[in-house]
Amino acid sequence: MIATFTQLYPQAAPLAGLAGGLLIGLAAALMLLGLGRIAGISGLAARALGLADSGPPRAIALLFIAGLPLGAWAVARFAAPIPVHFPNANTPLLIGGVLVGFGTRLGSGCTSGHGVCGLSRLSPRSMVATALFMGSGFATVALLEHLL
Amino acid sequence: MKARLLALASGMLFGAGLAVSGMVDPHRVHAFLDLFGHWDPTLAFVMGGAMLPMALAWRWRAKSQKPWAAETFSLPATTGLDRKLAAGAVLFGIGWGISGLCPGPAIADLALNPARAGLFIAAMLIGMALHRLSRL
């Protein structure tokens with residue numbers, strides 16, 4: 001079964017995905033049980049930069065956000081190099097960035113808050129939000145890569 | 001002090017998880033969203049892996065009086081669907097599909113490709129500021 005899976009999806013990394021997912025879940029659990037907050041990155045980033053009125057104290061939001069690149073850096077430095085491939089053109093980063101910023105604030109969350117925290121909480125709002133952003137992500141890539 | 005250390009530790013663990021899982025690579029996320037191309041299901045395993053500790057954490061939370069390092073639990077409502085939630089999620093998904101990036105990986109990528117991640121984050125902050133100005 002594993003052989004069939006790797007034949008079907010040679011580019012997939014299921015074990016690394018599961019391991020990284022466990023770390024992400026632990027991080028979100030620490031935030032919930034330690035600080036009583038959702039580890040929602042769009043909200044915490046907005047809070048850290050003074051773009052949100054609600055949320056934890058700004059120092060808490062800033063420290064969480066600063067931890068993200070620190071943690072990624074530590075893995076790349078001490079475990080294994082982490083390849084990242086960005087779009088070559090600037091336009092997808094600029095248009096995508098504005099839509100992600102506006103949309104996550106309007107919709108009160110992103111992949112971390114609605115996806116990781118909300119789905120595991122069985123929150124109806126988060127289930128609807130996750131279905132919608134996944135659906136529109138699938139549709140956008142289908143349109144851009146295969147129809148236009 | 002304890003609260004600040006917990007916030008930093010949680011952010012670092014989250015960033016490490018994004019790196020270990022490969023989710024810091026916009027190409028891998030784009031490949032997950034590309035159902036009709038060379039589909040890469042890795043993101044589904046990441047979500048599955050994250051559900052395990054969080055499902056336990058929600059059970060623990062139900063039995064807790066208060067968090068370890070805060071006075072109260074401050075959690076958002078789970079019910080009440082509205083147009084803002086729906087429109088915001090759809091717009092976010094479009095931007096996610098165009099770029100292969102959502103906020104967490106983009107911020108973690110400041111350590112791995114600061115110029116490209118920085119450009120995306122600058123645009124993302126403009127989007128967040130536009131939302132604030134729009135008073136929606």
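**Entry 1: a helix pair across the chains**

I started with H2(A) and H3(B), and they turn out to be roughly parallel to each other, because angles under 35 degrees count as such. The angle I noted for the pair is about 30 degrees, with the axes 6 Å apart. For bookkeeping, H2 covers residues 14–35 of chain A and H3 covers residues 42–62 of chain B. This is a predicted model, so I'm reading every value here as computed from a prediction.

I also looked up the hand of this crossing, and H2(A) over H3(B) comes out right-handed. Then I sorted the residues of that contact by class: 20 are nonpolar, seven are polar and one is charged.

**Entry 2: the whole contact between A and B**

Next I zoomed out to the chain level. The contact draws 101 residues from chain A and 109 residues from chain B. On the chain A side, I listed the helices that each put in at least two residues: H2, H3 (41–48), H4 (58–78), H5 (91–106), H6 (111–120) and H7 (124–147). Which of them gives the most to the side that touches chain B? My old friend H2(A) does, with 21 residues.

I ran the class split on this side as well. Chain A presents 67 nonpolar, 29 polar and five charged residues to chain B.

**Entry 3: the nonpolar core**

I then asked for the largest nonpolar core and got one of 88 residues. Inside this core, the residues with the most contacts are Ala27(A), Ala28(A) and Ala72(A). H2(A) shows up again here, supplying the largest share of the core with eleven residues.

I picked Ala27(A) for a closer look. What does it touch, leaving out residues up to four places away in sequence? From its own chain I found Ala39(A). From the other chain I found Ser10(B), Leu13(B), Phe14(B) and Gly17(B).

**Entry 4: chain B by itself**

Last, I took stock of chain B. I counted six helices and zero strands, and reading along the sequence gives α-α-α-α-α-α. Its C-alpha trace spans about 45 × 40 × 30 Å along the principal axes.

For burial, I got 54% of the 136 residues in chain B as buried. I also checked sequence separation in the contacts of chain B: taking those with a separation of 6 or more, 45% join residues 24 or more positions apart.

**Note to self**

H2(A) is the helix I kept coming back to: it packs with H3(B), gives the most residues to the side of chain A that touches chain B, and contributes the largest share of the core.

Note on methods: Residues are numbered from 1 along each chain as its sequence is written. Chains are lettered from A and ligands numbered from 1 in the order in which they are written. This is a predicted model: local features need pLDDT of at least 70, side-chain atom pairs count only at pLDDT 80 or more; totals for chains, interfaces and linings use all residues. Axes are lines fitted to C-alpha atoms, for helices over the stretch in contact, and angles run from 0 to 180 degrees between N-to-C directions. Helices (H or I, at least four residues) and strands (E, at least two) are DSSP runs, numbered from the N terminus. Angles under 35 degrees count as roughly parallel, over 145 as roughly antiparallel, 65 to 115 as roughly perpendicular and the rest as oblique. A crossing is left-handed if the near helix is turned anticlockwise from the far one by less than a right angle, and right-handed if clockwise. Ala, Val, Leu, Ile, Met, Phe, Trp, Tyr, Cys and Pro count as nonpolar, Asp, Glu, Lys and Arg as charged, and the others, Gly among them, as polar. A nonpolar core is a set of buried Ala, Val, Leu, Ile, Met, Phe, Trp, Tyr and Cys residues joined through C-beta atoms within 7 Å. A residue is buried if 20 or more other C-beta atoms lie within 10 Å of its own, exposed if 12 or fewer, and partly exposed in between; C-beta atoms are placed from the backbone. Two residues are in contact if their C-beta atoms, placed from the backbone, lie within 7 Å.
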